[in-house]
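Reader: Please take a close look at a single part of this model, the surroundings of the bound ligand, and then relate that part to the rest of the fold.

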Amino acid sequence: MAFQKPPGTQDFLPGAVEKWQFVESKARDICRRFNFREIRTPIFEATDLFRRGVGETTDIVEKEMYTFTDRGDRSLTLRPEGTAGAVRAFVENKLYGEPDLTKLYYIGPMFRYERQQAGRYRQFHQFGVEALGAVDAALDAEVIALGYTFYQEVGLTGVNVEVNSVGTPAVRAAFREQLLSFLLPKRELLCKDCQSRIERNPLRVLDCKTDQKHFEGAPSILDSLDEECRTHFESLKLHLTNMNIPFSINPRLVRGLDYYTHTAFEYKAEGIGAIDTIGGGGRYNGLVAEIGGPDQPGIGLGLGLERTVMLLESQGVELGSLHNVDVYLVGLGDAAERELTKIIYGLRMRGIAAERDYQGRKMKAQMKSADRLQVRYTAILGDDELERGEITLKDMATGEQKLVPLEKLADEIAG
Ligand code: HAM
């Protein structure tokens with residue numbers, strides 16, 4: 001084969017793409033109900049936006065970005081996530097000047113140069129939301145509920161919500177020292193990644209899957225929270241309980257991005273190889289200021305759509321027929337075939353999905369096409385019928401056939 005798609009990317013072909021459309025339409029409808037509005041930002045942004053936003057010491061910035069220099073000598077990066085761009089747009093367009101909260105959502109491709117494995121791609125897609133302008137923990141809880149509702153409504157089971165508080169930068173700095181005194185003596189026991197990460201980001205070390213056995217008795221960040229952080233976390237739990245959102249507290253949960261403060265959460269489920277996190281998010285009260293805006297708080301989430309669709313498949317969730325053609329038209333004879341163009345266009349204008357043959361095939365082959373499309377009706381027009389202004393309509397489920405006047409065809413099909 002001459003060309004192949006780049007590693008870590010996918011073609012979404014008809015037959016599979018309808019699942020994506022289904023998932024996306026659920027996301028949009030949930031956002032409508034929660035009053036989040038869509039934002040579309042560029043696929044690439046200034047590299048510095050992600051350095052500042054996502055954080056210099058994160059895996060994303062250190063080794064996963066698709067960065068290039070354009071012909072104007074600018075360093076640009078394909079967005080590895082959606083929050084930095086949304087916040088940049090919030091600042092640049094001065095959305096913070098509006099009286100109401102800014103509640104945004106997006107659905108689109110993100111890019112990370114990651115090692116390939118089940119559920120990990122280099123171009124992947126996220127459904128994300130960002131709510132900017134309020135510190136109320138009720139908003140954190142609603143964002144968590146929004147993601148949970150999404151998974152419920154697409155039909156997934158076994159999705160667990162884990163929440164934590166990662167405090168403020170000051171809380172984390174104090175906790176970091178405490179944690180280092182616990183971790184450093186164990187350094188030699190830890191995996192390679194953790195050994196190299198231990199000073200740069202000891203909180204991430206605690207979240208390592210392979211090293212959990214060494215972390216018994218590790219200090220918990222929840223014991224280090226200050227008054228404000230504790231109150232926020234308590235309030236978050238209360239609001240989640242009020243909404244009946246099941247959740248567990250995971251004091252070792254940290255996220256792979258640097259901007260989080262207070263609330264951090266993840267959605268987890270079994271069924272995608274070694275990966276169990278299917279979505280996550282949290283509060284980022286310093287990010288807007290960090291990238292040059294006013295001191296405005298924010299909270300959001302990002303849900304991986306590949307992982308959602310993979311789970312739908314592994315759980316065998318039936319989505320029903322996602323692509324429907326209502327009627328297949330067959331023309332027998334030259335005059336009838338010419339007339340078909342007009343008839344089929346008329347049906348389509350009436351909202352009916354209609355298909356026909358364009359390859360001069362015999363009636364039998366055309367009927368097979370109709371079967372493959374699982375149409376509800378076929379409509380067969382011969383030259384004689386055309387002269388009488390009629391067409392034969394066959395109900396494919398019952399096999400019943402009847403002659404209907406051409407001008408009544410759309411009404412018959414629409415029922
Ligand atoms: P994240 O945890 O980096 O957060 O990504 C969110 C989700 O995107 C992951 O849970 C996963 O489902 C999906 N994802 C990430 N990388 C890949 C990959 N290489 N292949 C397939 N799926 C992947 C963020 O991106 C934050 N911006 C979320 C957020 C929004 N926080 C606040 N607002």
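Author: Strand E10 contributes the most to the shell around the ligand, with six residues; strands are DSSP runs of E of at least two residues and helices runs of H or I of at least four, numbered from the N terminus. The model is a predicted one, in which local features need pLDDT of at least 70 and side-chain atom pairs count only at pLDDT 80 or more, whereas totals for chains, interfaces and linings use all residues. Residues are numbered from 1 along each chain as its sequence is written, and side-chain values use heavy atoms, with hydrogens and water left out.

In total, 26 residues surround the ligand, a residue being counted if one of its heavy atoms lies within 4 Å of it. The closest are Glu81, Glu114, Tyr121, Tyr260 and Ile278. By class, the shell holds eight nonpolar, 11 polar and seven charged residues. Here Ala, Val, Leu, Ile, Met, Phe, Trp, Tyr, Cys and Pro count as nonpolar, Asp, Glu, Lys and Arg as charged, and the others, Gly among them, as polar.

Several side chains make polar contacts with nitrogen of the ligand, a polar contact being a pair of N or O atoms within 3.5 Å; within protein, one atom must be able to donate a hydrogen and the other to accept it, and residues adjacent in sequence count only if both atoms are side-chain atoms. A polar side-chain atom of Tyr260 lies 2.6 Å from a ligand nitrogen. For Thr83, the distance from a side-chain N or O atom to a nitrogen of the ligand is 2.9 Å, and for a polar side-chain atom of Tyr259 it is 3.0 Å. The ligand taken alone exposes 660 Å², of which the protein buries 96%; accessible areas come from the Shrake-Rupley method with a 1.4 Å probe, and for residues only the protein chains shown count as cover. The elements giving two or more residues to this shell are strand E6 (123-132), strand E10 (275-283) and strand E11 (298-304).

Strand E10 also takes part in a salt bridge, defined as a side-chain nitrogen of Lys or Arg within 4 Å of a carboxyl oxygen of Asp or Glu. The side chains of Asp276 and Lys209 meet in such a bridge, at 3.6 Å from N to O. Because Asp276 lies in strand E10 and Lys209 in the loop between helix H8 (202-206) and helix H9 (227-242), the pair ties together parts that are 67 residues apart in sequence. Lys209 is exposed, with a relative accessible area of 54%; exposed means over 50%, buried under 20%, and partly exposed in between, with a 1.4 Å probe and protein chains only.

Thr261 is found in strand E9 (residues 261-272) and is buried, at 8% relative accessible area. A polar atom of the Thr261 side chain lies 3.0 Å from the backbone nitrogen of Asn285.

As for the wider fold, the largest nonpolar core has 95 residues, such a core being a set of buried Ala, Val, Leu, Ile, Met, Phe, Trp, Tyr and Cys residues joined through side-chain atoms within 4.5 Å. Phe36, Phe127, Val129, Phe150 and Tyr267 have the most contacts inside this core. Helix H5 (residues 137-154) supplies its largest share, 11 residues. A second, separate core of 19 residues includes Leu386, Leu393, Ala410 and Ile413.
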